[in-house]
Amino acid sequence: MITSDTVRFARVVELRFPLPMAPSASYCIIGAGPSGLCTAKHALAFDRNATVKVFEQSNQIGGLWAYTEQTGKDSNGLDITCMYANLRTNLVKHGMGYPDYPIDEQATTFVTISDVIKQLEGYVDKFQLKQVIHFQHQVVRVARNFGTNQWDVMVKDLVNNRYDVHQFDFVLVCNGHYSSPIVPSFPGQDVFRGRQLHSKDYRRSESYRHERVLVVGGGHSGVDIAPDVAMYADKVVLSHRCKVPVHTGDRVIQKPEVLRLTETGAKFADGTEDHFDAVIYCTGYRYSVPFLSVDCGVSLHDNAISPLYYHCISIHQPTLAFIGLPFNACLMLMMDLQARFCLRFFSGQRTLPTRREMLDAWQKDQDERKQRGLTGKLTHMLAGDLQQRYYDDLARIAGIESLKPVLAKMHADCINTKNEDVNFRNFEYRIIDDETFAKVKIPPKSLSSSTA
């Protein structure tokens with residue numbers, strides 16, 4: 001596993017630019033979620049003679065959008081992570097599709113988990129991607145082969161319990177943000193008699209009928225799950241560190257940080273205590289790339305991966321890329337743009353800058369982020385005006401089409417509305433032109449069901 005301490009010992013070989021191309025390039029894509037799917041599509045489109053292999057450790061596409069009632073471990077002993085059954089997205093649908101395969105125009109602005117997986121399945125069918133996806137194949141090691149100037153990728157065939165080593169010219173990591181859950185540590189967790197689970201294992205609010213539930217975390221998942229579980233629970237308390245109350249509706253009580261758990265409940269920083277049957281940790285995830293060897297030229301420290309050219313390409317080993325690291329973005333559209341950006345260079349259609357130029361660009365971005373307070377876990381956040389600028393920079397450098405400004409504007413408005421109104425999903429957004437959109441509030445009864 002890469003860390004900031006071990007990466008400095010990595011063996012880094014200066015590559016000449018443009019990147020060396022084999023007669024028929026080979027691409028390893030890790031993960032068949034939204035980022036992996038569009039990356040595979042573009043790899044096939046940019047280089048029709050390419051060999052493209054997508055390794056997916058589960059038995060289906062979609063990543064965390066692939067809903068299952070199962071929790072904990074799957075049949076192969078791997079962690080199961082997916083969204084919950086009643087989820088409706090907290091982002092406008094316009095950012096949830098791809099440029100060449102948008103979400104259904106008839107769908108409401110805030111689509112359900114079933115809408116998203118249906119869209120992804122349609123995308124796979126349209127571009128015939130199933131033929132390049134290897135299900136139940138787990139990437140366990142990615143290492144640079146300095147003899148062949150390629151990547152040695154060790155893959156475990158989970159069904160047959162067999163390991164194979166493949167060689168690729170390019171590796172694109174598309175394993176998402178949500179593979180390694182964060183569970184905070186509190187005194188008393190070992191004595192609490194009720195259930196404790198991370199939000200990755202939350203499925204249905206009906207499972208908490210007549211219970212008293214503590215939800216920990218004031219981020220997106222906590223603010224969404226607390227009112228959802230409140231539909232059936234007798235009492236729901238949301239504990240968070242936010243300086244002001246978050247918008248969760250009237251049925252959720254808000255408390256400051258948890259000091260400790262007791263056998264039957266929790267004590268809070270304001271001196272109060274309450275009884276609970278279950279604790280749900282909505283405390284986020286860490287980036288996780290345990291399969292990368294130290295010679296990959298990047299480090300993972302404080303939930304940030306560096307140094308990367310425009311949050312994508314490994315500067316020290318520029319045949320390795322990451323798709324989907326930035327957040328606070330037009331989700332799938334951003335992933336698609338990143339994939340097109342990387343593959344313009346990997347396919348030989350564009351020449352990368354020198355290593356020094358890429359390091360300078362990375363350092364400039366880091367300096368600005370430090371001034372804005374966007375360091376550590378916020379390193380990959382596209383805050384404020386950084387979002388559209390990022391899209392335009394990728395497009396300009398690679399000579400590809402950017403995302404229309406209206407998309408980032410709708411995204412920003414949606415986030416602002418979410419912070420002010422628990423019923424933000426009652427709004428419908430419609431694009432008027434490349435710069436402007438319309439926003440109308442719809443009565444709740446007019447909206448389609450949110451159940452998956």
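**Exercise 1. Find the bridge partner of V216 in β16.**

Step 1. This is a predicted model, in which local features need pLDDT of at least 70, side-chain atom pairs count only at pLDDT 80 or more, and totals for chains, interfaces and linings use all residues. Residues are numbered from 1 along each chain as its sequence is written, and side-chain values use heavy atoms, with hydrogens and water left out.

Step 2. Locate the strands (DSSP runs of E, at least two residues, numbered from the N terminus). β10 covers residues 212-216 and β16 covers 278-281.

Step 3. Check the pairing (at least two DSSP bridges between two strands). β10 and β16 pair in the parallel sense over four bridges.

Step 4. In β16, V216 is bridged to Y281.

**Exercise 2. Place this pair in its sheet and name the edge strands.**

Step 1. Read the order: β9-β16-β10-β11-β12. The sheet is open, has five strands and pairs in parallel.

Step 2. The edges are β9 (195-198) and β12 (252-255), each pairing on one side only.

Step 3. Neighbouring strands are turned by 20 degrees against each other on average, direction ignored (axes are lines fitted to C-alpha atoms).

**Exercise 3. Describe how helix α7 is covered and what its buried residues pack against.**

Step 1. α7 (a DSSP run of H or I, at least four residues) spans residues 386-398.

Step 2. Ten of its 13 residues are buried (under 20% relative accessible area, 1.4 Å probe, protein chains only). Among them are L386, Y390, L394 and I397.

Step 3. The buried residues of α7 pack against β20 (308-309), α5 (331-346), α6 (355-372) and α8 (405-420) (contact: heavy atoms within 4.5 Å).

Step 4. Just after α7, G399 has a positive phi of about 70 degrees.

Technical notes. Axes are lines fitted to C-alpha atoms, for helices over the stretch in contact, and angles run from 0 to 180 degrees between N-to-C directions. The expected span of a helix is 1.5 Å times one less than its number of residues. Buried means under 20% relative accessible area, exposed over 50%, partly exposed in between (1.4 Å probe, protein chains only).
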